[in-house]
Amino acid sequence: MEEKKTCLYDCHVELGAKMSPFGGFMMPIEYSTIIDEHNAVRNHCGVFDVSHMGEVMVTGADAERYVNHIFTNDITNAPKGKIYYGMMLYPNGGTVDDLLVYKVDEAQFLLVINASNIDKDYDWMKQNAAGFDVVLDNQSDVTGQLAIQGPDAERIVSELFKIEVAHLEFYTFEYAQADGETILVSRTGYTGEDGFEIYGSHAFIINAWKRLLASGEVKPCGLGCRDTLRFEAALPLYGHELSDEISPIEAGLGMFVKLNKEEFIGKEAVAEQKANGVSKKVVGIEILDRAIPRNGYDIEVDGNKIGTVTTGYHTITTDRSVCMALIDAKYAAIDTPVDIRIRKKVFPGKVVKKKFYEKKYKK
């Protein structure tokens, strides 16, 4: 099947970006180098095309009750303008997807989902809407999205778009007027840095992209450094640290699973995992060498496989060879010695905290 293109595809090609399929879209992997783009976000400001992400608006009298039914976090009586992170689960506790829920008002919520899961997620939402007074509107094909990330992001967004954003707290949003259009601006991101995500029409997003680059203050960034940035900050990627076979409890994301809610799909399964423990866990591992662990490499103890790497890099910011891995839970304690098989060699390592970089969010 032919890959889709975002509204910024032509802009990426004109900039000479290295393009590659991702989540069903042709996306930019890098423009200059992953290291340069990574460092731009850590130290100044970078912009990402994230228009491949999916957006579904849930509207109706039962909107809050419905979203709580399919979502692990609790949005009961949430304030307008608040954003929540969580998951949709299968009844067995496996993860349909991780997502953000934006509360627009009492009867309207925006759900932002992963690009590779748009069709699957939307089908799941429709399947589980029976008995709820809600309307689901998949707006993914008409919505563009930019992520503007880094310590200079607040000043740049405010100056270039003439909108006030300093008052926005982390994981909040509001609608704003820019270039005669209503846009959504949220203080969110996937890099471990302060930053904003802007949603608007394709025409607005194209003009905004060009304006950001023309300023000379913002570096275009591809999915290559998006992965290195999110990995350092221990942010999960669906299909790696979460999947239909990995629950949020196994992934170490239990804080986003609210068992005090009356009900949600998968509650019984994850409640049992929280009560009785899990047989496998996602952990951080540091290799005592400069060798680089990659997704799918085996983790071993005494020559026996105990798990696999989910994501691994030599970190750009902190200069460490580390990975996240799904392993047998009995080896998950910090400082437990393990081996990582990289091709035909075995390298010693140890279990460490997953957070390889201290996040710089504005609280």
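Contact here means heavy atoms within 4.5 Å of each other. With that in hand, welcome to this structure, which is a predicted model.

Let us start close to the beginning of the chain. Three strands form an open sheet there, in the order E1-E3-E2, and their pairing is mixed. At the edges sit strand E1 (4-5) and strand E2 (18-22), each of which pairs on one side only. E2 and strand E3 (residues 25-30) run antiparallel to one another and are joined over 5 bridges. If you look along E3, you will find Met26 with Pro21 standing opposite. Now bring in a helix from much further along the numbering: helix H7 (residues 223-232) lies across E2 and E3, and runs at about 70° to E3.

H7 also leads us to the interior. The largest nonpolar core has 46 residues, and those touching the most other members are Phe48, Tyr85, Leu100, Tyr102, Val112 and Leu242. At least two residues of this core come from each of strand E6 (83-89), strand E7 (95-105), strand E8 (108-113), H7 and strand E18 (321-328). E6 is the biggest giver, with 4 residues. Apart from this core lies another one, of 28 residues, including Val47, Ala176, Ile183 and Phe204.

Tyr85 deserves a closer look. Not counting residues up to four places away in sequence, Tyr85 touches Phe71, Asn73, Asp98, Leu99, Leu100, Tyr171, Pro236, Leu242, Leu253 and Phe256.

Next, turn to helix H3 (residues 63-70), where Asn68 lies. Is Asn68 buried or exposed? Its relative accessible area is 9%, so Asn68 counts as buried, the cut-off being under 20%. Leaving aside neighbours within four places in sequence, Asn68 is in contact with Asn73, Asp74, Ile75, Thr76, Lys261, Glu263 and Phe264.

Ala63 lies in H3 as well. With a relative accessible area of 0%, Ala63 is buried. Which residues surround Ala63, once neighbours within four places in sequence are left aside? Ala63 is in contact with Val58, Ala107, Gln108, Phe109, Asp133 and Val134. The fold also brings Ala63 and Asp105 to 9.7 Å from each other, C-alpha to C-alpha, although 42 residues separate them in sequence.

Two loops are worth a visit for their backbone angles. Most residues other than glycine have a negative phi. Asp179 has a positive phi of about 55° although it is not a glycine. You will find Asp179 in the loop between strand E11 (173-178) and strand E12 (181-186). Arg343 also breaks the pattern, as a residue that is not a glycine with a positive phi of about 60°. Arg343 is placed in the loop between strand E19 (337-342) and strand E20 (345-352). Because its relative accessibility is 67%, and exposed means over 50%, Arg343 counts as exposed.

Finally, is there empty space inside, and where? Rolling a probe the size of a water molecule over the atoms shows where empty space is left. The count comes to 1 cavity of 30 Å³ or more, and the largest cavity has a volume of about 30 Å³. Its lining is made up of Phe48, Val50, Ala147, Gln149, Gly189, Tyr190, Thr191, Glu197 and Arg226. Two of these names take us back to earlier stops: Phe48 is among the core residues touching the most other members, and Arg226 falls within the residue range of H7.

Key
Residues are numbered from 1 along each chain as its sequence is written. This is a predicted model: local features need pLDDT of at least 70, side-chain atom pairs count only at pLDDT 80 or more; totals for chains, interfaces and linings use all residues. Side-chain values use heavy atoms; hydrogens and water are left out. Two strands pair if DSSP finds at least two bridges between them. Axes are lines fitted to C-alpha atoms, for helices over the stretch in contact, and angles run from 0 to 180 degrees between N-to-C directions. Buried means under 20% relative accessible area, exposed over 50%, partly exposed in between (1.4 Å probe, protein chains only). A nonpolar core is a set of buried Ala, Val, Leu, Ile, Met, Phe, Trp, Tyr and Cys residues joined through side-chain atoms within 4.5 Å. On a 1 Å grid over the protein atoms alone, a cavity is a set of points where a 1.4 Å probe fits but cannot get out, and a pocket is an open set with protein on both sides within 12 Å along at least five of seven lines; lining residues have an atom within 4 Å of a point. Grid points are joined across faces, edges and corners, and a volume is the space filled by probe spheres set on the points.
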